[in-house]
Amino acid sequence: MNHREMLEWERLSMRYNENAIPLYLSYPVESFWKQRSSLEQHNQSLGSSDISFLYFHFPYCKEICHYCMCYKEPLRDDSELDLYLGYLVRDMDIRLEILKGGGWRGATHMHWGGGTPTLLSLNQLETIHRAISDRLEFNLDGSHEHSIEAFPDPRIVTPAKLELLRALGFNVISFGIQDFDGRIQKVINRKHDPGAVRELIATAKQLGFRVHVDLCYGLPFQGINELERSINEILPAAPNRICIFPYAHAPMIFPRQNIIPRSSIPSSFIKALMAEQADRLLISDGYVRLGLDHYLDAEDPFLKDLSTSGSKTLMGYSQNDKLNYLGFGATAISFFDKSFYRTVSSIKEYYQTIDADQLPVEIHRSYRHNPDDQLRNKLIQDHVLTRFEIDLRRLEQEFDIDSNSYFKDELESLKQFENDSLVDLSDPDFIRVSRTGQFFSRHIAHQFDRFYKQASLQ
Ligand code: SF4
C-alpha cells in the first residue's frame with residue numbers, strides 16, 4: 001500500500017468505523033432476540049425440524065482470558081466437569097425426546113466448543129462421547145465434520161488426548177491462538193509458545209485431523225507488525241484453515257474487558273490495515289479467502305462451489321444454506337424452524353432448570369424470522385459477508401420481490417459507498433463489493449439491517 005492509499009484508508013476508516021458496527025454473527029444480532037415464544041411452539045418446531053448439526057458447549061476454562069467474548073467459567077475442581085457432563089446428558093435426554101418424537105433422521109455434523117472442551121480428561125472425553133453416540137446415530141466414516149475447539153497448550157492437549165479424539169471420530173481440530181506477541185498475551189492473559197503450537201499442529205495433522213487456527217486482530221497493543229509476526233510464526237505449520245477474527249471491545253457486555261486499557265486498542269484505521277495486510281500475506285501463501293475472515297487451503301472441502309454456495313451462520317460457514325442446528329449446554333444457541341433459541345445463560349440456572357425437569361431454554365428471548373428477515377439474513381450473511389456481491393435477480397426469484405422498489409432506501413444509501421469506490425452499482429443484476437470494500441463490508445451489510453434502522457428512528 002503506498003502513502004496515498006494509506007491516507008485514503010484512513011479517511012474511509014473514519015467514515016466507516018468498524019468498531020461501531022456489529023460483527024453480524026447472526027441476523028438479527030442477538031440483542032434483538034426479544035420475542036416470547038411458547039413451550040408448545042418450541043417443541044412443535046423442534047419436533048418437525050431436520051436438524052443436521054449438533055453443538056455441545058463446555059463452558060469451563062483453566063484460566064480466563066481478559067478479552068474473551070464467550071460464555072465461560074473458571075474451573076476450580078475437576079469434579080465440576082463431572083457434574084456438568086451429567087447435566088449435559090440430561091439436557092440431551094430432554095431435547096432428544098422431543099426431536100425423536102418428530103421422526104428425526106439424525107445429525108451429520110457435530111461441534112464441541114466452549115470454554116475449553118479439551119480440558120476434559122481422557123476418561124471424561126470417552127464417557128461423554130459414549131453418552132452422545134449411544135443416543136445419536138452418527139456417521140463416523142469421516143465424510144462429515146466432527147470438530148472440536150482446543151486450547152493450544154501441550155500440557156492440556158497431550159498426544160494421548162489427540163489420539164483419543166481422533167479415535168472417537170473427530171476430524172477437525174481448531175486451535176485458538178490469537179497472537180504470539182508476549183506483551184499482547186500478557187494483557188489478554190494467555191501464554192503460547194509458537195514452537196510448541198507448531199508441534200501440536202504437526203501431531204494433529206499426522207493423526208489425520210484437518211487443523212484450523214484462530215488469530216485475532218485489533219487486540220490491545222497489537223499493531224500490523226505483531227499480527228504479521230504471528231502469521232509468519234504459524235505459516236510454517238501449514239494449518240488447513242486460518243481464521244482471523246476482529247476483537248470487539250465491549251466492556252458493557254463483557255465486564256472483564258475493563259481490565260484492558262481502552263487506549264491500547266488499535267483504532268479502526270489500524271484494524272483495517274491489519275486485516276488488509278493479513279489478507280495479502282495469506283493469499284500470497286496460497287490460501288483462498290472465504291468471506292470476511294476465513295482463509296482455506298487448496299484441499300478445503302468448502303472450496304467446491306465456493307462462488308455460488310456457502311452460508312454464514314452462528315456456527316461459522318456452512319455449505320448447507322438451510323442449516324438447522326441444535327445446541328446443548330449452558331448458553332448454547334439453536335436455530336431451527338426459522339427461529340433462534342438460547343439455552344439458559346448460567347451454569348447455575350442450567351442445573352436448576354434441569355433439576356426441575358424443565359427445558360433449559362430461554363423461551364422469552366427467542367427470535368423467529370419473518371419473510372423480510374429471511375431475505376435480509378440471506379442478503380447480509382450469504383451475499384455480502386460471504387461472497388461480496390449481491391445477486392439481485394437471484395434474491396428476486398427466491399423471495400418474489402422487485403429489488404429496486406424493495407430496497408429503494410438501501411440502494412440510495414449505497415451511492416455514498418459507490419462514490420468511495422467500495423461498491424459497484426453499474427450492473428443492474430449485481431451489487432459488487434470492491435476489494436477495498438470487502439474490508440468495510442459489515443458497513444455495507446449494515447445498510448440492509450432493518451433493526452438498527454428502526455432503532456435509530458425511535
Ligand atoms: S478465550 Fe477461550 S480459553 Fe480464553 S476464556 Fe475464552 S473460552 Fe476460555
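Q: Which hand is the crossing where α1 passes α9?
A: Right-handed (the near helix is turned clockwise from the far one by less than a right angle; anticlockwise would be left-handed). Both are DSSP runs (H or I, at least four residues for helices; E, at least two for strands; numbered from the N terminus). This is a predicted model, where local features need pLDDT of at least 70 and side-chain atom pairs count only at 80 or more, while totals for chains, interfaces and linings use all residues. Residues are numbered from 1 along each chain as its sequence is written.

Q: What angle do α1 and α9 pack at?
A: About 120°, with the axes 8 Å apart; helix α1 covers residues 3–15 and helix α9 residues 268–284.

Q: Which residues make the contact?
A: On α1, W9, E10 and S13; on α9, S268, F269, A272 and L273 (C-beta atoms, placed from the backbone, within 7 Å).

Q: And how do the residues of that contact divide?
A: Into 4 nonpolar, 2 polar and 1 charged.

Q: Switching to the whole chain. How many helices and strands?
A: The protein chain has 17 helices and 19 strands.

Q: What box do the C-alpha atoms fill?
A: Roughly 60 × 50 × 40 Å, along the principal axes.

Q: What share of the residues is buried?
A: Buried residues are 40% of the 458 in the protein chain (20 or more other C-beta atoms within 10 Å of the residue's own; 12 or fewer is exposed, in between partly exposed).

Q: What part of the contacts with a separation of 6 or more comes from residues 24 or more positions apart?
A: In the protein chain, 73% of them.

Notes. Contact = placed C-beta atoms within 7 Å. Axes fitted to C-alpha atoms, helices over the stretch in contact; angles between N-to-C directions. Nonpolar A, V, L, I, M, F, W, Y, C, P; charged D, E, K, R; others polar.
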